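Let's take a walk through this structure together, one piece at a time. Keep the 3D view open while you read.

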Amino acid sequence: MEHPLRAIRHALLLLVLLHAPIASAQSVQRDVERLIASSSVADATFAVAALELGSGRVVASLREDEALIPASNMKLLSTGAALDVLGPEHAYRTRFEVLGDQLIVVGAGDPALGDPDLLAESPDNLTPEGLLDGIVERVLATIGGPPAEIVLDDRVFDRQRQHPSWDPDDVNKSWQAEVAGLGFHANLLSVFPSAS
């Protein structure tokens, strides 16, 4: 398996190559084929469709009509698209609204809410439990006691929790957690049985 940094380097090299001035489609095609052949994952299945911006001229193609599940380095393109659409200053805002003695939690699709790795880097070195304790303290102080009802609003996203092409044998794996408008701790539930 190719080291993740090397895979990212190959993806970035390919992106730079495709944004450079195009001398000939044949040279780009050869470069793409050479990159794939020299990769330590050359036995993997690759599909490439590269078009020249503006003209739409095809400059490299390989199995371009074959639908494949994207590799994990696809997150580079997804992140770039999100930065382009949302902007670098975008912040997800999960809202906690009080309506009488009712607490309404409105999700905004934050993928990092309760993420233990990110919380550990916070100035307060929080844990998911510590974050929840802080939220509960504020709610209790605002309402004056426990809410009579808690409403979770995750309507920011549609109801398709998993892509239809995802392998059903992987639904319990951390890399295939369901997507939700209101998630916590990467939408993972860890269970540790004990004999006590």
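Start with helix α5, residues 128–143 (helices are DSSP runs of H or I, at least four residues, and strands are runs of E, at least two, numbered from the N terminus). Its 16 residues should span 22 Å at 1.5 Å a residue, and the end C-alpha atoms are 23 Å apart, which agrees. That expected span is 1.5 Å times one less than the number of residues. Keep in mind that this is a predicted model, where local features need pLDDT of at least 70, side-chain atom pairs count only at pLDDT 80 or more, and totals for chains, interfaces and linings use all residues. Residues are numbered from 1 along each chain as its sequence is written, and side-chain values use heavy atoms, with hydrogens and water left out.

Which residues of α5 are buried? They are P128, L131 and V139 (buried means under 20% relative accessible area, exposed over 50%, partly exposed in between, with a 1.4 Å probe and protein chains only). Seen down the axis of α5, the buried residues fall within an arc of 70°, so they line one face of the helix; the arc is taken from the directions from the helix axis to the C-beta atoms. Those buried residues pack against β4 (102–106) and α4 (116–120), with contact meaning heavy atoms within 4.5 Å. On the face turned away from the buried side, you'll find the exposed residues E129, E137 and A141. Just after α5, G144 takes a positive phi of about 95°.

Now zoom out: the chain has 5 helices and 5 strands, and from the N terminus on they run α-α-β-β-α-β-β-α-α-β. Of its 196 residues, 22% count as buried.
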